[in-house]
Amino acid sequence: MESNSGKGKVVCVTGATGFIASWIVKLLLLRGYTVKGTVRDPNDSGKVGHLLKLEGAKERLQLIKANLLEEGSFDQAVETELIDPAVKGTLNVLKSCAKSPYVKRVILTSSLAAVVYNGRPMTPEVVVDETWFSNPDICRENKFWYALSKTLAEDAAWKFSKENSIDMVALNPTVAIGPLLQPSLNESSAAVLNIINGAKTFPNLSFGWINVKDVANAHIQAFEISSASGRYCLVETTLHYSDVVKILLELYPTLQLPEKCDCEDDKAFMPVYQVSKEKARTLGIEFIPLEASLKETLESLKEKNLVNF
């Protein structure tokens, strides 16, 4: 990786303590960027300590207190807990960008959840690509609140960016796994941990997987490559949980893993679909194979004493 491509340049990373964001901060610092990271509390060493220890942090990392939403504005309802922060938080950041003459480009971390739910059947011969957009009505009907929040936030971001001439690129990663930089467990790592931590069954779900390092690298490439534009689906492979269990057993034969699906016997496994890698490859992403990503995840969970095997 080029080590000085960011020399003298400043990048702001919002929500810097997150799983993907922590990796973006790490890779930006390694490339010589000065990083301004927004966090809820810069003095909470439990949350920000891992960032301060990164190479280059002492010289080039500045943590800034910023809450995407004021505390207390959260309604307890599932919908508002996810949707307000996603949409309002995204627009708040973009409004600040629109005011600044220094912002060259905005990279939005969206999700594949804002791509796939459009009512088309998801079968093995289907290839999802960047032209797909999730339909908010379908998300609402199925109570896919996370997908709805990401879809509405991305829609709002594109509209605002176009109206305010902001150069925005959206990245749509799927479930990201790999080594954890932050001390606490994030949702996608928890999904792997649950399987190896005595679950009796595995979920009847098929979805895409990708290494967090590839996602972080894609953010920086999308920022640095001037011709990058539009959206980029980021998926290394799409697999059913049953296949993930098989890979884990090959890697760690002594693990006690669930042998049954949580679906009824007569119900078929959820089919696997494909996601195009063509556009993502133009960012120079070569994709770490899922086997390696799962191994890195388990070794990282072990190192943090979150699992013992």
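Me: Does the length of helix 1 add up, I mean, what should residues 19-30 span and what do they span?
Reply: At 1.5 Å a residue, the 12 residues of helix 1 should span 16 Å (1.5 Å times one less than the number of residues). Its end C-alpha atoms are 17 Å apart, which agrees. Helices here are DSSP runs of H or I with at least four residues, strands are E runs of at least two, and both are numbered from the N terminus.

Me: What kind of model is this?
Reply: A predicted one, where local features need pLDDT of at least 70, side-chain atom pairs count only at pLDDT 80 or more, and totals for chains, interfaces and linings use all residues. Residues are numbered from 1 along each chain as its sequence is written, and side-chain values use heavy atoms, leaving out hydrogens and water.

Me: How many residues of helix 1 are buried?
Reply: 10 of its 12, including Trp 23 and Leu 27. Buried means under 20% relative accessible area, exposed over 50%, partly exposed in between (1.4 Å probe, protein chains only).

Me: And what comes just after helix 1?
Reply: Gly 32, with a positive phi of about 95°.

Me: New topic: how many aromatic pairs are there?
Reply: The structure holds 6 (ring centres within 6.5 Å, using the six-membered ring for Trp; planes under 30 degrees apart are stacked, over 60 edge-to-face, the rest tilted). One of them is Tyr 33 with Phe 223, edge-to-face at 6.0 Å centre to centre and 65° between the planes.

Me: Where do those two sit in the chain?
Reply: Tyr 33 is in the loop between helix 1 and strand 2, Phe 223 is in helix 8, and they are 190 residues apart.

Me: Is Tyr 33 buried or exposed?
Reply: Buried, at 0% relative accessible area, while Phe 223 is partly exposed at 24%.
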